[in-house]
Amino acid sequence: MQQRLASTAKNLCRKILNHRNQIQSLKRPAPAPCDVFINHRCIDTKRTISGLLFDHLSRLGLHPFLDSKNMRPGDKLFDSIDRAIHECKVGVAVFSPRYCESYFCLHELALLMETKKRVIPIFCDVKPSQLHVKDNGLCSGEELQRFTYALEEAKYTVGLTFDTLEGNWSQFLKTAMDAVVHNLIEVDAGEIHKHRAYFMKNYYGRESR
């Protein structure tokens, strides 16, 4: 009788542990903080420049964010995108001919600029002068102003240009990767300097009291 009870208890424990393991396996691991946010019009560049940049940055051990790669069914669109932008160190804005038709592209760009992120513009098959925010009646006046300001700021930031039909893909990707890595290094160095200055200020401030 005691053996039977002990065996039953063991089986129950096993079932409980198995159930807990199943629950743990269903839990999503916390995503790593985003290093580089890739702002793009998905239908235009997901399979070309944006997708290739994501793959190359990932191979370097960095954590880029590309909505089609990082987001999963059930994720809240604005929550995931806004969190990644706030976390990122550098933004890459890939401008394509129909970029300004996307509300999400303009929202992401505006947030990148408003949070003072370092942004690298890439003008893909389009000139900066050809990009304009249009009033299609779907955005408020305040949003149009936000988007226009962000777009103008990006247009007057030194960036890269690329012609997908005649350009050298290998050379362009190398140049783009070098630009991203260089900017990441500069941002990291700036953060270290800020932390060091903050520490020194607090340290000597205490000594002078």
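# Aromatic pairs, charges and cysteines, term by term

Me: F95, Y99 and F123 form one aromatic cluster. Before we go further, what kind of model is this, and which atoms do side-chain values use?

Reply: This is a predicted model, in which local features need pLDDT of at least 70 and side-chain atom pairs count only at pLDDT 80 or more, while totals for chains, interfaces and linings use all residues. Residues are numbered from 1 along each chain as its sequence is written, and side-chain values use heavy atoms, with hydrogens and water left out.

Me: Thanks! How many aromatic pairs does a search of the whole structure find?

Reply: The search finds seven aromatic pairs. Rings of Phe, Tyr and Trp (its six-membered ring) pair if their centres lie within 6.5 Å; planes under 30 degrees apart count as stacked, over 60 as edge-to-face and the rest as tilted.

Me: Why is the pair of F37 and F65 called stacked?

Reply: The ring centres of F37 and F65 are 5.3 Å apart, with 10 degrees between the planes. The distance passes the pairing rule and the angle falls in the stacked range, so the name fits. F37 lies in strand β1 (residues 36–40) and F65 in strand β2 (residues 64–65), so this pair ties together parts that are 28 residues apart in sequence. Helices (H or I, at least four residues) and strands (E, at least two) are DSSP runs, numbered from the N terminus.

Me: Are F37 and F65 buried or exposed, and how do you know?

Reply: Buried means under 20% relative accessible area, exposed over 50%, and partly exposed in between (1.4 Å probe, protein chains only). F37 has 1% relative accessibility and F65 has a relative accessible area of 8%, so both count as buried. The rings of Y103 and F104 have their centres 6.0 Å apart and their planes at 85 degrees, so that pair is edge-to-face. Y103, at 30%, is partly exposed, and so is F104, at 33%.

Me: What makes R118 and E186 a salt bridge?

Reply: A salt bridge is a side-chain nitrogen of Lys or Arg within 4 Å of a carboxyl oxygen of Asp or Glu. For R118 and E186 the N to O distance is 2.8 Å, so the pair qualifies. R118 lies in strand β4 and E186 in helix α8 (residues 169–207), so this bridge ties together parts that are 68 residues apart in sequence. R118 is partly exposed at 32%, as is E186 at 37%. The whole structure has seven salt bridges.

Me: Which other salt bridge has both partners in helix α7?

Reply: K155 and E152 both lie in helix α7, three residues apart, about one turn of the helix. Their closest N and O atoms are 3.1 Å apart. K155 is buried at 15%, whereas E152 is partly exposed at 30%.

Me: How do you know that E108 has no salt bridge?

Reply: Lys and Arg count as positive and Asp and Glu as negative; His and the chain ends are not counted. The nearest side chain of opposite charge to E108 is R146, 11 Å away, and E108 is buried. That distance is outside the salt-bridge limit, so no bridge is assigned. E108 sits in helix α6 (residues 103–114). Contact means heavy atoms within 4.5 Å; not counting residues up to four places away in sequence, E108 touches F37, N39, H40, I81 and I85.

Me: Why do C88 and C34 not form a disulfide?

Reply: A disulfide is a pair of cysteine sulfur atoms within 2.5 Å. The sulfur of C88 is 5.1 Å from its closest cysteine sulfur, in C34, so this is too far for a bond. C105 has its closest cysteine sulfur in C100, at 8.4 Å, also too far for a bond. C88 is buried at 2%, and C105 is buried at 1%. The count comes to zero disulfides.

Me: What makes K116 and D125 worth a look in the backbone?

Reply: Most residues other than glycine have a negative phi. K116 has a positive phi of about 60 degrees although it is not a glycine, and D125 has a positive phi of about 60 degrees too. K116 lies in the loop between α6 and β4 (118–124) and is exposed at 72%. D125 lies in the loop between β4 and α7 (141–155) and is partly exposed at 37%.
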